[in-house]
Amino acid sequence: MDQIMSLPFGVALAALFAIVMIRVNVTYWIGRGAVAGFAHTRFGGSLERPKAARAQALIQRWGPYAVVLAFLTIGLQTAINLAAGAARMPLRRYLPAAVAGSVIWALLYATIGLAALEAWLAVAAASPIGAAVGVAALVAVVVWVVVFQRRRAKAKSADTVV
């Protein structure tokens with residue numbers, strides 16, 4: 001990575017963009033290929049069940065947003081791009097999201113991302129307990145936001161049912 005960061009900014013940005021575009025598209029096609037292979041097994045009929053259809057509809061609607069936002073996370077990019085492929089998200093929806101997310105990722109990584117990663121590694125090396133507490137605090141905030149959103153959605157749906 002030091003080799004890329006030693007390049008002029010524009011070249012480094014283009015290289016990072018190319019790397020991430022290749023990675024996410026390979027992941028997408030692995031997901032598509034896995035589902036295509038699964039469809040030819042005796043369990044392939046499960047892809048046509050109502051729950052699977054609802055999941056595909058959800059991914060068709062919200063998937064491009066998830067693909068773009070996944071580039072702002074650590075550890076979810078691969079899973080979301082694989083899921084987009086497995087859900088057979090149309091390329092006309094996937095590719096623009098992948099391009100937008102890749103541009104965001106390359107810009108962040110080429111500017112503040114590497115510095116933040118180096119700072120995090122320095123904290124983790126100096127104080128593994130401090131790093132663990134930081135991760136736990138971040139996880140707690142994410143869990144709180146998810147629980148809050150679910151409760152709000154549940155209350156909203158209960159209000160509309162009445």
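The protein has six helices and zero strands, and from the N terminus on its elements run α-α-α-α-α-α. The model described here is predicted, and every value below was computed from it. Of the 162 residues of the protein, 25% count as buried. Among the contacts with a separation of 6 or more, 75% are made by residues 24 or more positions apart. The protein exposes about 10,900 Å², and carbon and sulfur atoms supply 73% of that area.

**Annotated spans**

An unreviewed UniProt entry lists residues 7–30, 62–82, 94–117 and 129–148 under "transmembrane region", although such annotations may be inferred rather than shown by experiment. Two of these spans can be described from the model. Residues 7–30 are 92% helix and 0% strand, with their end C-alpha atoms 31 Å apart, while residues 129–148 are 100% helix and 0% strand, with their end C-alpha atoms 28 Å apart.

**Aromatic pairs**

A search of the whole structure finds four aromatic pairs. In one of them, the rings of Y28 and W29 have centres 5.2 Å apart and planes at 90°, so this pair is edge-to-face, the term for planes over 60 degrees apart. The two partners differ in their surroundings, for Y28 counts as buried because its relative accessibility is 0%, whereas W29, with a relative accessible area of 45%, is partly exposed. A further pair is formed by W105 and Y109, whose rings are stacked, with 4.9 Å from centre to centre and 15° between the planes. These two residues are four apart in helix α5, which covers residues 91–126, so they are separated by about one helical turn. Both W105 and Y109 are buried. Ring pairs also link Y28, W29 and Y94 into a cluster.

**Polar residues in buried positions**

Three polar residues, each in a helix, are set out with their accessibility in the table.

| Residue | Helix | Relative accessibility |
|---|---|---|
| N25 | α2 (residues 9–39) | 15%, buried |
| N81 | α4 | 1%, buried |
| S102 | α5 | 0%, buried |

What does each of them touch, once neighbours within four places in sequence are left aside? N25 is in contact with Y94 and L95. The contacts of N81 are V24, T27, Y28, V67, F71 and Y94, and two of these, Y28 and Y94, belong to the aromatic cluster described above. N81 and I30 are 51 residues apart in sequence, yet their C-alpha atoms lie 9.4 Å apart in space. S102, for its part, touches F17, V20, M21, V24 and F71. V24 and F71 thus appear among the contacts of N81 and also among those of S102, and Y94 is in contact with N25 as well as with N81.

**A nonpolar patch on the surface**

Turning from the buried positions to the surface, L58, W62, Y65, L69, L72, I104, L108 and I112 form a nonpolar patch, with about 810 Å² of accessible area together. The elements that give two or more residues to this patch are α3, which covers residues 50–70, and α5. The largest share, four residues, comes from α3. One of the members of the patch is Y65, which is placed in helix α3. Is Y65 buried or exposed? Its relative accessibility is 52%, and because the limit for this class is over 50%, Y65 counts as exposed.

**A loop residue with positive phi**

R88 is found in the loop between α4, residues 77–86, and α5. Phi of R88 is near 55°, a positive value in a residue other than glycine. With a relative accessibility of 32%, R88 counts as partly exposed.

**Helix α5 in the picture**

Several of these features come together in helix α5. This helix holds the stacked rings of W105 and Y109, four residues apart, and it also holds S102, which is buried at 0% relative accessibility. Helix α5 is also one of the elements that give two or more residues to the nonpolar patch on the surface.

Conventions: Residues numbered from 1 in each chain as written. Predicted model: local features only at pLDDT ≥ 70, side-chain atom pairs only at ≥ 80, totals over all residues. Heavy atoms only, no water. Phe/Tyr/Trp six-rings, centres within 6.5 Å; stacked < 30°, edge-to-face > 60°. Buried < 20%, exposed > 50% of the residue type's maximum accessible area, 1.4 Å probe, protein only. Contact = heavy atoms within 4.5 Å. Areas by Shrake-Rupley, 256 points an atom, 1.4 Å probe, with all protein chains shown as cover. Patch = residues over 30% accessible without salt bridge, like charges linked within 9 Å, V, L, I, M, F, W, Y side chains within 5 Å. Salt bridge = Lys/Arg side-chain N within 4 Å of Asp/Glu carboxyl O.
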